[in-house]
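Visitor: Please pick one part of this model and take me through it slowly, with the overall picture as background. I work with coordinates all day, so spell out the cut-offs as you go.

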Amino acid sequence: MADTATPTKKQEIIAQAYDAFYDGGFHATGIDTVMANSGISKRTLYKYFPSKEDLIEAVLEQYGEDTDTFLFKPALGRSDDPREQILALFDIRQEMMSKNCRGCLAMKAGQEYIGKHDGIAARGKDASVYVESRFIELCEKAGLKNPTDTGRQLNLLFQGAALAGHMQQDLGVFDVAKRAVHILLAAA
């Protein structure tokens, strides 16, 4: 987490759960596994999070904040040109996954909880819609003819590269996606 101050107990629980759920999945990872070796009691956990689903939603909220901190801010900081920023998003995500190829936590949550928990499924959907809206915003700044369609297409390439890269354990898919992005931007 980005906060340099001493984390609160609530933040410690979220950080512990973040990695446990990321690595083990949401349904397959029980509260005992989440809290193993943390030194935090279940009583303390349930003081902050009355249910496992409440904890998952807090983890997904943190994931959303991390998406801005570790993906969008660095990508937007690489150039003032929106087209270059779009390409940088693919580079940054590839770099992130090269360090730890875990895929998209929000996508995982959405897939696991669709039809099972509306709040968690909605957070997964919201994350995808958010990324799409950022691509649309960049397309608008770039002055593209149809920024909504182009932004949605870029999002599909981006999300698809993240999913395929994770599933295939081959981050070269980002290079393939970027070649498609170049073609798409040239045509827009």
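**A helix and what covers it**

Guide: Among contacts in the protein between residues at least 6 apart in sequence, 65% join residues at least 24 apart, with contact meaning heavy atoms within 4.5 Å. Keep in mind that this is a predicted model, where local features need pLDDT of at least 70, side-chain atom pairs count only at pLDDT 80 or more, and totals for chains, interfaces and linings use all residues. Residues are numbered from 1 along each chain as its sequence is written, and side-chain values use heavy atoms, with hydrogens and water left out.

Background first. The protein has nine helices and zero strands; helices (H or I, at least four residues) and strands (E, at least two) are DSSP runs, numbered from the N terminus. So the element string is just α-α-α-α-α-α-α-α-α, read from the N terminus on. The radius of gyration is 18 Å, close to the 16 Å that the globule rule gives for 188 residues, so the protein is as compact as a globular protein of that length. That radius is taken over C-alpha atoms, and the rule is 2.2 Å times the number of residues to the power 0.38. If you want a box for the C-alpha atoms, take roughly 55 × 35 × 30 Å along the principal axes.

Of the 188 residues, 44% are buried. Here buried means under 20% relative accessible area, exposed over 50%, and partly exposed in between (1.4 Å probe, protein chains only). The accessible surface adds up to about 9900 Å², and 51% of that belongs to carbon and sulfur atoms; the areas come from the Shrake-Rupley method with a 1.4 Å probe, and for residues only the protein chains shown count as cover.

Now for the part I'd zoom in on: helix α5, residues 82-99. At 1.5 Å a residue, its 18 residues should span 26 Å, and the end C-alpha atoms are indeed 26 Å apart, so the two agree. The expected span is 1.5 Å times one less than the number of residues.

Check the burial along α5: P82, Q85, I86, L87, A88, L89, F90, I92, R93, Q94 and M97 are buried. The list mixes in Q85, R93 and Q94. What covers these buried residues includes α1 (9-24), α4 (52-77), α7 (118-141), α8 (147-168) and α9 (173-187).

Two of those covering helices give us a handle on α5. Start with L71, which is in helix α4 and is buried, with a relative accessible area of 4%. L71 and L89 are 18 residues apart in sequence, with their C-alpha atoms 6.7 Å apart in space. Setting aside neighbours within four places in sequence, L71 is in contact with D66, L89, I92, R93, M96 and F158. L89, I92 and R93 are among the buried residues of α5 named above.

Then switch to α9, where you'll find K178. K178 is a lysine that counts as buried, at 17% relative accessibility. Beyond its neighbours within four places in sequence, K178 is in contact with L87, F90 and D91. The C-alpha atoms of K178 and L89 are separated by 9.9 Å, and the two residues are 89 apart along the chain.

For contrast, look at L156 in helix α8. That leucine counts as exposed, at 63% relative accessibility. L156 and Y48 are 108 residues apart in sequence and 36 Å apart in space, C-alpha to C-alpha.

Back toward the N terminus, T44 sits in helix α3 (residues 42-48) and counts as partly exposed at 23%. Leaving aside neighbours within four places in sequence, T44 is in contact with K9 and I13; the T44 and K9 C-alpha atoms are 8.2 Å apart, across 35 residues of sequence.

Last, two loop spots for your Ramachandran plot. Most residues other than glycine have a negative phi. N37, in the loop between α2 (31-35) and α3, has a positive phi of about 60° although it is not a glycine, and N37 is exposed at 84% relative accessible area. Q169, in the loop between α8 and α9, has a positive phi of about 50°, again without being a glycine, and Q169 is exposed at 54%.
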